[in-house]
Amino acid sequence: DKVLTFPCYRWLIGDIKVQYTQQHKYTASLIRMVVLKISMYKYFCHNVCYRWVTWAPGIPRCIDATTEADLPQDVRFDNEKRSDFEHSLHYALLELSLKKLAIRFGKSWSDLDDFKRIFWKLRSPIAEYCMEHWKEDRFFGYQCMNGSNPRMIKSCNKLPENFPVTSDMVQSSMAPRTNLDKELKAGNIYLLDYAIMDGIPTNTIKSKPQYIAAPLCLLYQHPDEGLIPIAIQLEQTPDHDTPIFLPRDPPLAWLLAKIWVRHSEFQVFQLLSHLLRTHLVIEVFCVATLRQLPAVHPIYKLLAPHLRYTLEINCRGRTQLISPNGIFKRVVSTGGDGLLILAQREYKVLTYRSLQPRNDFTDRGVYELPKYFYREHSLMLWDTIHSFVSGMVSLYYQSDHDVQEDLELQAWIRDITQEGYTELPNFGLPSKLNTREELSTLVSVAIFTSTAQHAATNNGQFDWCAWVPNTPCTMRHPPPTDKDAVTMEMIMATLPDVSQSCLQMAITWHLGRAQPDAIPLGQYTQEHFTEGEALELIERFRRELKDIEGHILNQNEGLELPYLFLLPSRIENSITI
Ligand code: OYP
């Protein structure tokens, strides 16, 4: 009788029945089971333990905890993880401070080769490749598709009005017998537009102002060379002080223009693609799930493995990374007020649709881009995850009606949309779940974002950022206004200084390296599900991931640059770093 008073009794009884018939022969164990389940239910479902808080307005709400020490033990790092997290960064910083000292007392910071003196060799083949090839236009184009921010590039059928590139300007970049107009019509022109950076307040570091630009960059899918940049304007409003930089300009001017684009890339990639669109988006699912779903609920069981450690890493991020004296304030151009304003701008236009990879690629018009491995692998993973989730959902919900009638589930979605993603009228996720398909898609979004999408943005950060000129965290001089006046001195005075560069290398290494107690996608250390049919679905899911693994490895054979960020065995089951 007691059991029946819980709204989740359906799941509870089902669960116990299976475990009883399968594993337990004696009534005593059945009773122990019930007591255990009820206490778990009470504990986990208590929305007293897990409360919402507004850390800052205009971004997703998060867990009410000032530091990670306030979190319930169940969601804290294990010892191994904690000590590794705390020691690895200290170790990295110590090693780099020695290099820094050597440079302070030695030669000045005057040539791009000086970055080699702090560069960590042998830690990543991609970072070394980057050091050798970062000036090449083809490599710049490659990174738009398979680099740290693979979701910025859009197709361009018509030039934006504020970017007056003429056919003459770019003719020398074109293949024979074609021109800009024809290529725009043919769908071979693409755009990176960092309008969101326009007017973001800049940081001041050790009383020196830092600088930000809001570039536009036009790219061309060249039949022989692949995707290459063909024109760059560093601000949103054309002006005689805002020239359009071209590949045929003096080489240092073109190089500095590309560096400015890459600097915007650092900000957008870390704060928007990585922090906001994975860490903070998923934290809403963590809080709502812990508050609203009992541990015996099938959706709890499905999601729990994908929420491990996320609350703690986000708490640490809020206290050490983006806090008023955090790492951003110390070395990044958007540190201080800028980062929040940037995140708020993106949050305002964030849509549920854009979190679903197939829709995202459609909306950006990027299905025709060849060698866009991020797109190919994302779609394979999405389909596998979605079919797994749909299978599970159909197992526990016989009809759409069952979904509508599940009060816990409805409380959960309401918590997500009304308490988590507040102030988002155009997000596009309704507060009520009506069908099994809606439920499957939502759970798939949560799983895809916390696994594949996080891996795609997080795991390459050392690879792409260790060679600091390729993705600088700050700029110490304003954008160039005169193409003929760009010198190496100016480039070195603009790029991050020695200590900023060291910190960029240390932190991106710390966050990008494989984690000690990582659990890969599809592996479950806790046996949440016990029913035979559910176990079969899990087995099928694993087999499909294995096929994807094989496919990706095959595809990578012989590639000059491997793309392995979405290799299932390297994707973690949750956001833990
Ligand atoms: C938490 O001991 C996190 O100081 C990273 O945050 C680093 C610390 C704490 C500092 C540890 C310490 C993880 C969650 C997150 C996120 C996404 C954004 C990552 C941005 C990385 C920026 C690198 C900056 C380089 C200069």
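## A salt-bridge tour, starting at Lys 483

Select Lys 483 to begin: its relative accessible area is 19%, so with the cut-off for buried set at under 20%, this lysine counts as buried. Keep in mind as you click around that this is a predicted model.

Now add Asp 249 to the selection. Its side chain meets that of Lys 483 in a salt bridge, at 2.9 Å from N to O. Zoom out a little and you'll see that the pair links distant parts of the chain, 234 residues apart. Asp 249 sits in the loop between strand 9 (244-245) and helix 8 (251-292), while Lys 483 is in the loop between helix 18 (461-465) and helix 19 (488-494). Asp 249 is buried too, with a relative accessible area of 11%.

Next, go to helix 8 and pick out Arg 291, then show Asp 415 in helix 16 (residues 407-420). These two side chains form a salt bridge as well, with an N to O distance of 2.8 Å. The partners are 124 residues apart in sequence, so this is another pair that ties separate parts together. How buried are the two ends? Arg 291 has a relative accessible area of 12% and is buried; Asp 415, at 5% relative accessibility, also counts as buried.

From here, select Glu 68, Arg 76, Glu 86, Glu 312 and Arg 316 together: salt bridges that share partners join them into one network. Within this group, look at Arg 316 and Glu 68, whose closest N and O atoms are 3.9 Å apart in a salt bridge. Arg 316 belongs to helix 10 (residues 310-321) and Glu 68 to the loop between strand 2 (62-63) and helix 3 (79-104), so the contact ties together parts 248 residues apart in sequence. Arg 316 is buried at 3% relative accessibility, and Glu 68 is buried at 15%.

If you'd like to keep hunting for such pairs, the structure holds 22 salt bridges.

For the last stop, leave the charge pairs and colour helix 13 (residues 357-364). Which of its residues are buried? They are Pro 357, Asn 359, Asp 360, Phe 361 and Arg 364. Switch on the surroundings to find what covers them: the cover includes strand 3 (154-155), helix 14 (373-396) and helix 17 (436-458). Finally, step just past the end of helix 13 to Gly 365, where phi turns positive, at about 65°.

Terms used: Residues numbered from 1 in each chain as written. Predicted model: local features only at pLDDT ≥ 70, side-chain atom pairs only at ≥ 80, totals over all residues. Heavy atoms only, no water. Salt bridge = Lys/Arg side-chain N within 4 Å of Asp/Glu carboxyl O. Helix = DSSP H or I, 4+ residues; strand = E, 2+ residues; numbered from the N terminus. Buried < 20%, exposed > 50% of the residue type's maximum accessible area, 1.4 Å probe, protein only. Contact = heavy atoms within 4.5 Å.
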